[in-house]
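Open the model in your viewer and keep the selection tool at hand. The tour below goes stop by stop, with something to select at each one.

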Amino acid sequence: MRTTRAFPAISPDAAGVTGPLLDSEAVLREGVAALAALDPVMARLAAEGAAPVLRKRPPGFAGLAGIVVGQQISTASAAAIWGRLTARMPDLTPQALAAAPDDLLREAGLSAPKIRTLRAAAAAILDGTLPLDTLHALPADEAHRLMVAVHGIGPWTADVYLLFCLGHPDAFPAGDLALQEAARLADGLETRPSAAALTRRADAWRPWRGVAAKVLWAYYRVAKARDGAPLSS
């Protein structure tokens, strides 16, 4: 029986169900088994070798900042900018970011929009409108709503933070292109579903939508490797 975890179990979601945070391989396997019972498509993907990976990022403001820094640039560029930023600001807290001059952030390589996003996030955390430390205890949809209310934080950023930094089992980044392509392949569709359509499809996977996302990413890699196609990020 699991007795320790980084955070307590999440609160009930809109459907009144609860689930543990994705903080171990055991919880991940539990989620895959639950999904297989909920949806025969998920059962088939798991049987075909779509084994999800736990993959975790640090939680808190630094974890969110790392996601923002890495948006829409290469992995190498993101790593270089992150290295310069953390060298200048080893203690990357909302307070430190709010007090940092723009010149320091620009010298690290941050663009003006990313500086504005980080400042908005820091301000929201400091004034309490973004309770970053307790988002894990909220239903995924409510946590998502609070995050996207911050200027510059979009749906993908919010859901990736909830899923990878907090391990929220029901976070689902429906705007991710690889997820959309995996869903197209899994359901035998001619075209990729839109984010809205994939969100509706994912309702069948509550309260394990986060695990479903990991299964779909794993299936994407399996399908592309089988077809000999290059993997997109």
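How much space lies in the largest cavity? The model is a predicted one, and in it the largest cavity holds about 30 Å³. The count of cavities of 30 Å³ or more comes to one.

**Stop 1: the cavity lining.** Select Val41, Met42, Ala183, Ala186, Asp187, Arg201, Trp205 and Leu216, which line the largest cavity. By type, this lining has six nonpolar residues, two charged residues and no polar ones. Now colour helix 2 (40–47) and helix 10 (177–187), each of which gives at least two residues to the lining. Helix 10 supplies the largest share, three residues.

**Stop 2: the second largest pocket.** Next, select His144, Asp159, Phe172, Ala174 and Thr199. Among the 14 residues that line the second largest pocket, these five lie nearest its centre. The pocket has a volume of about 230 Å³. Two elements, helix 8 (140–148) and helix 9 (155–165), give two or more residues each to its lining. Sorted by type, the lining residues of this pocket are seven nonpolar, three polar and four charged.

**Stop 3: helix 1.** Select residues 25–38, the 14 residues of helix 1. From first C-alpha to last, helix 1 reaches 20 Å, close to the 20 Å expected at 1.5 Å a residue. Within this selection, show the side chains of Val27, Leu28, Val32 and Leu35, and mark Gly31 as well; these residues of helix 1 are buried. They lie on the same side of helix 1 because they cover an arc of only 140° around the axis. An α-helix has 3.6 residues a turn, so residues three or four places apart point the same way. Then turn the helix round and select Arg29, Ala33 and Ala37. These are exposed residues, carried on the face of helix 1 turned away from its buried side.

**Stop 4: lysine 224.** Go to helix 12 (residues 209–227) and select lysine 224, which lies in it. Is lysine 224 buried or exposed? Its relative accessibility is 16%, and the cut-off for buried is under 20%, so lysine 224 counts as buried. To finish, add alanine 182 to the selection and draw a line between the two C-alpha atoms. Lysine 224 and alanine 182 are 42 residues apart in sequence, and their C-alpha atoms are 9.5 Å apart in space.

Definitions and conventions. Residues are numbered from 1 along each chain as its sequence is written. This is a predicted model: local features need pLDDT of at least 70, side-chain atom pairs count only at pLDDT 80 or more; totals for chains, interfaces and linings use all residues. Side-chain values use heavy atoms; hydrogens and water are left out. Helices (H or I, at least four residues) and strands (E, at least two) are DSSP runs, numbered from the N terminus. Buried means under 20% relative accessible area, exposed over 50%, partly exposed in between (1.4 Å probe, protein chains only). On a 1 Å grid over the protein atoms alone, a cavity is a set of points where a 1.4 Å probe fits but cannot get out, and a pocket is an open set with protein on both sides within 12 Å along at least five of seven lines; lining residues have an atom within 4 Å of a point. Grid points are joined across faces, edges and corners, and a volume is the space filled by probe spheres set on the points. Ala, Val, Leu, Ile, Met, Phe, Trp, Tyr, Cys and Pro count as nonpolar, Asp, Glu, Lys and Arg as charged, and the others, Gly among them, as polar. The expected span of a helix is 1.5 Å times one less than its number of residues. The arc is that of the directions from the helix axis to the C-beta atoms.
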